Amino acid sequence: MALELFLPVAFVIGYLLGSIPFGLILTRLAGTQDIRSIGSGSIGATNVLRTGRKSLAAGTLLLDALKGTVAVVIAGYIAGPNAAMLAGLGAFLGHLFPVWLKFKGGKGVAVYIGILLGLFWPAALVFCLLWLATAFTTRYSSLSALVASFITPLFLWWFGHLALAALAAVLTLLLFYAHRENIKRLQSGKESRIGEKA
């Protein structure tokens, strides 16, 4: 019973970890312009890259991924896989809709990878390989994320990880929602490619 009572706590812990805006924090510490005023206005690594500071973008990517991993590992250690998955969902929602930034956060790609890394690392590897393959051929970061997130739940389902597949499907729907403007630009041919300044 105690473990069941921890489930909402796991979600809240995940949300609070996920809502830490590392992209905004790192760029402010580095003295760059507010990343919310450039590019897509997102606080994620892809938009941080538009400042021209690759090291800041890499740091954002790593820290955003780690907050997803840390959330699921802590919750899983305390109360098992159900708590871990709820913490992962909380971390993802926290990143997309951080309370500190009026619920305007990032797109969730790095956090998605971090959550997968903490729950089932082969799925994180598949996601990254799909992202890299799509990015190499198209040079669209957004399209790479959409393709990788679409296939990852299918991969998990195919190999019998039904609960994880269901969680990944929910994360994918949220990720598609976060990329809705990117999808419109992709359809109109106006989406920025990797390396271009928006």
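**Briefing: helices, pockets and one buried serine**

In this predicted model, the end C-alpha atoms of residues 110-134 lie 16 Å apart, and the span is 96% helix and 0% strand. Residues 110-134 also appear in the UniProt record, an unreviewed entry, where they are listed under "transmembrane region". The points below take up the listed spans, a pair of helices in contact, two pockets and the surroundings of Ser-142.

**Spans listed in the record**

- Under "transmembrane region", the unreviewed UniProt entry lists residues 6-26, 56-78, 84-103, 110-134 and 154-178.
- For residues 56-78, the span is 100% helix and 0% strand, and its end C-alpha atoms are 33 Å apart.

**Helices H9 and H10**

- Two packed helices are described by the angle between their axes and by the distance between those axes.
- Helix H9, covering residues 162-178, and helix H10, covering residues 180-188, have axes that come within 4 Å and cross at roughly 65°.
- On the H9 side the contact is made by Phe-176, Tyr-177 and Ala-178, while on the H10 side it is made by Arg-180, Asn-182 and Ile-183.
- Sorted by class, the residues in this contact of H9 with H10 are four nonpolar, one polar and one charged.

**The largest pocket**

- The largest pocket holds about 810 Å³ of space, and it is lined by 36 residues, of which Ala-45, Thr-46, Asn-47, Trp-131 and Ser-141 lie nearest its centre.
- Two or more lining residues come from each of helix H3 (45-49), helix H4 (54-79), helix H6 (109-119), helix H7 (121-138), H8 and H10, and the largest share, five residues, comes from H4.
- The lining of the largest pocket divides into 13 nonpolar, 14 polar and nine charged residues.

**The second largest pocket**

- The second largest pocket has a volume of about 370 Å³, and among the 17 residues that line it, those closest to its centre are Lys-104, Gly-105, Lys-107, Ala-178 and Arg-180.
- The elements that give two or more residues to this lining are H9 and H10, and H10 gives the most, with four residues.
- By class, the lining of the second largest pocket consists of five nonpolar, six polar and six charged residues.

**The surroundings of Ser-142**

- Ser-142 lies in helix H8, which covers residues 141-158.
- Ser-142 counts as buried because its relative accessible area is 6%, and buried means under 20%.
- When neighbours within four places in sequence are left aside, Ser-142 is in contact with His-179, Asn-182, Leu-186 and Glu-191.

Conventions: Residues are numbered from 1 along each chain as its sequence is written. This is a predicted model: local features need pLDDT of at least 70, side-chain atom pairs count only at pLDDT 80 or more; totals for chains, interfaces and linings use all residues. Side-chain values use heavy atoms; hydrogens and water are left out. Buried means under 20% relative accessible area, exposed over 50%, partly exposed in between (1.4 Å probe, protein chains only). Contact means heavy atoms within 4.5 Å. UniProt positions are given in the numbering used here, feature names are shortened, and annotations may be inferred rather than shown by experiment. Axes are lines fitted to C-alpha atoms, for helices over the stretch in contact, and angles run from 0 to 180 degrees between N-to-C directions. Ala, Val, Leu, Ile, Met, Phe, Trp, Tyr, Cys and Pro count as nonpolar, Asp, Glu, Lys and Arg as charged, and the others, Gly among them, as polar. On a 1 Å grid over the protein atoms alone, a cavity is a set of points where a 1.4 Å probe fits but cannot get out, and a pocket is an open set with protein on both sides within 12 Å along at least five of seven lines; lining residues have an atom within 4 Å of a point. Grid points are joined across faces, edges and corners, and a volume is the space filled by probe spheres set on the points.
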